[in-house]
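Please open the model in your viewer and keep the sequence panel beside it. The stops below each begin with something to select.

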Amino acid sequence: TLLAELEARGFSCAPEPAREIIRAQVRPGGSELPWSDREAFTALMLQRSVESYLRHTPAPQPVFSDRGIPDTLAYARLIGLGDTSAIENACRCYRYAPVVFVAPPWEAIYQTDSERKQDFAEAQRTFAAVAAVYRHCGYRLIELPRLSPRARADFVLQQLGPAAGL
């Protein structure tokens with residue numbers, strides 16, 4: 001919702017690779033899904049995240065991403081994937097802006113759907129893992145306030161200000 005608001009204001013936004021993968025895999029009955037083949041899903045998520053990074057870098061103005069490569073590392077750790085060296089290497093090689101905006105699960109608006117099957121408790125655990133990985137990778141996290149999408153977009157743009165050419 002926040003990305004849609006930023007897109008409406010003329011900013012480029014990169015969609016969430018995991019949702020794209022799930023939509024593409026469900027249609028033909030694919031198996032690279034978080035509920036059937038987590039390892040294959042993780043590999044595909046890394047591939048798509050790197051492709052998205054390369055497609056949007058460099059950019060003349062900020063590009064907002066729903067998820068990034070470190071999210072893949074957090075997911076791999078959550079599922080207990082043994083060898084995460086390729087993901088860790090990607091996190092080192094493909095760097096985003098130093099500031100990352102995070103949106104902790106907000107129970108009042110949290111919804112599951114055909115692509116997001118996590119219950120709220122699992123969403124909280126996932127968020128904690130994701131935040132820890134971004135910090136470990138050297139990013140500074142700024143938590144989004146629990147406001148309307150318009151007010152959240154205003155907050156993001158105010159935080160970035162002149163340093164981002166806004």
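Select Tyr75 first: this residue is buried, with a relative accessible area of 17%, where buried means under 20% relative accessible area, exposed over 50% and partly exposed in between, computed with a 1.4 Å probe on protein chains only. The model is a predicted one, in which local features need pLDDT of at least 70 and side-chain atom pairs count only at pLDDT 80 or more, while totals for chains, interfaces and linings use all residues. Residues are numbered from 1 along each chain as its sequence is written, and side-chain values use heavy atoms, with hydrogens and water left out.

Now add Phe41, which is buried as well, at a relative accessible area of 3%. Rings of Phe, Tyr and Trp (its six-membered ring) pair if their centres lie within 6.5 Å, and planes under 30 degrees apart count as stacked, over 60 as edge-to-face and the rest as tilted. By this rule there are seven aromatic pairs. Phe41 and Tyr75 make up one that is edge-to-face, at 5.6 Å centre to centre and with 80 degrees between the planes. Because Phe41 lies in helix α3 (residues 38–56) and Tyr75 in helix α4 (residues 69–78), the pair ties together parts that are 34 residues apart in sequence; helices (H or I, at least four residues) and strands (E, at least two) are DSSP runs, numbered from the N terminus.

Next, select Tyr139, which counts as buried at 5% relative accessibility, together with Tyr96, which counts as partly exposed at 22%. Their ring centres are 6.4 Å apart and the planes stand at 50 degrees, so the pair is tilted. Tyr96 lies in the loop between α5 (85–93) and β3, and Tyr139 in the loop between α6 (120–136) and β4, so this pair joins parts that are 43 residues apart in sequence. Extend the selection to Tyr53, Tyr94 and Tyr134, and you have the cluster that ring pairs link together with Tyr96 and Tyr139.

Move on to strand β3 (residues 99–102), where Val100 and Val102 point to one face and are buried, while Val99 and Phe101 point to the other and are not. Four bridges join β3 to the parallel strand β4 (residues 140–143), given that two strands pair if DSSP finds at least two bridges between them. Opposite Val100 you will find Leu141 in β4.

Finish at Arg152 in helix α7 (residues 149–160). Which residues are in contact with Arg152, leaving aside its neighbours within four places in sequence? They are Leu2, Ala103, Trp106, Leu144, Pro145, Arg146 and Leu147, contact meaning heavy atoms within 4.5 Å.
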